[in-house]
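Work through the exercises below with the sequence and model open. Try each task before reading its solution.

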Amino acid sequence: MPFWKKLFATGDFEWSFRMRAGDAQEFFAPQDESSALLAEKNRWLDASPERYVRSLPAAEPLVQEMWAMAEAWQHVSPSPDHPKDLVHLARRCEPDLLLMESSTMKVVAGAVCMPSSWDLQHALGKTVQEVHDVVPRLNPQIGEKIGTFLRQIPPGKAFRRENWSFTRDAEHNYHPALQRRKLDETITIDEIHLRVEQQLFCHIPGAVLMGLRIKTCPLTDLAEDAEIWCYLAQKIRTMPDDVADYKSMLHARDPMVASMHQYQSITRE
């Protein structure tokens, strides 16, 4: 089943919580048989480690907890040539990683090589709610629900959800410093890619660990399901201006909806 099959339902755009049970061991396990994902992560870490890996002093024991978990699951093997630090864990772990201290819900560490147009440096030391302050309408709609949920994750349990957006290519790394091309009124439907950030949350001693995986596909792939295609067009059409601006698609929104309608008409002929 395509990864996007259960993402969209009927109704206008709104920020959705949609948390469900997950499997942390499975999520963090290697999934890419080609090793291309880890190779890409390591290229970014070689180029700018300070851009993609950040931590506060309080995070050191939490990083060791992550290492212990990864070793217990046999996802990584320690090396006598490298310390058990966050950088070397990131080099061996496919998902990106964020650590939020349990007592404060502050982001205290992260290894994020494939961000969705945000900078880890700006999140470090902030609470989850403060990080979300820049996202229009999110905190008023689901901010309190997110905070309460994260504080109450029990040991041994994991939960997952998704965020979706669009990009002009299939690149994984959308760090703001790279200045990727934005969606605008010149966009064509063949350029647009659905970008899905798969998120998993689990408890480790002293912290909430968040794992992130990025999945992309051409927007036109979704046309194989006429119902989902219509649901998605409705989400885009009803997206508030401030949210569309935040998602860097304010000027592309109307052309996207028109192109989707035209594309659907053609494929039905």
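Contact means heavy atoms within 4.5 Å. This is a predicted model, in which local features need pLDDT of at least 70, side-chain atom pairs count only at pLDDT 80 or more, and totals for chains, interfaces and linings use all residues. Residues are numbered from 1 along each chain as its sequence is written, and side-chain values use heavy atoms, with hydrogens and water left out.

**Exercise 1. Map the nonpolar cores.**

Step 1. Fix the terms. A nonpolar core is a set of buried Ala, Val, Leu, Ile, Met, Phe, Trp, Tyr and Cys residues joined through side-chain atoms within 4.5 Å. Buried means under 20% relative accessible area, exposed over 50%, partly exposed in between (1.4 Å probe, protein chains only).

Step 2. Take the largest core. It has 49 residues. Leu150, Trp164, Phe166, Leu194, Leu222, Leu232 and Met256 have the most contacts inside it.

Step 3. Find the suppliers. Helices (H or I, at least four residues) and strands (E, at least two) are DSSP runs, numbered from the N terminus. Elements that each give at least two residues to this core include β5 (158–167), β6 (193–204), α9 (226–237) and α11 (253–268). The largest share, 5 residues, comes from α9.

Step 4. Inspect Phe166. Leaving out residues up to four places away in sequence, Phe166 touches Leu183, Ile192, His193, Leu194, Arg195, Leu219, Leu232, Ile236, Met249 and Met256.

Step 5. Add the second core. This separate set of 34 residues includes Ala24, Ala70, Leu99 and Ala111.

**Exercise 2. Trace the sheet.**

Step 1. Apply the pairing rule: two strands pair if DSSP finds at least two bridges between them.

Step 2. Read the order. The open sheet has 7 strands, β1-β5-β6-β7-β3-β4-β2, with antiparallel pairing. Its edge strands, β1 (20–21) and β2 (53–55), each pair on one side only.

Step 3. Zoom in. β3 and β7 pair in the antiparallel sense over 6 bridges. Asp96 has Leu212 of β7 as its bridge partner.

**Exercise 3. Which cysteine sulfur is nearest to that of Cys113?**

Step 1. Search for disulfides (cysteine sulfur atoms within 2.5 Å). The whole structure has 0.

Step 2. Check Cys113. The nearest cysteine sulfur belongs to Cys93, 10 Å away. Cys113 counts as buried, at 0% relative accessibility.

Step 3. Check Cys217. The nearest cysteine sulfur, that of Cys230, is 17 Å away. Cys217 is buried, with a relative accessible area of 6%.

**Exercise 4. Examine α2.**

Step 1. List its buried residues: Leu37, Glu40, Lys41, Asn42, Trp44 and Leu45.

Step 2. Find their cover. It includes α3 (49–52), β2, α5 (86–90), β3 and β7.
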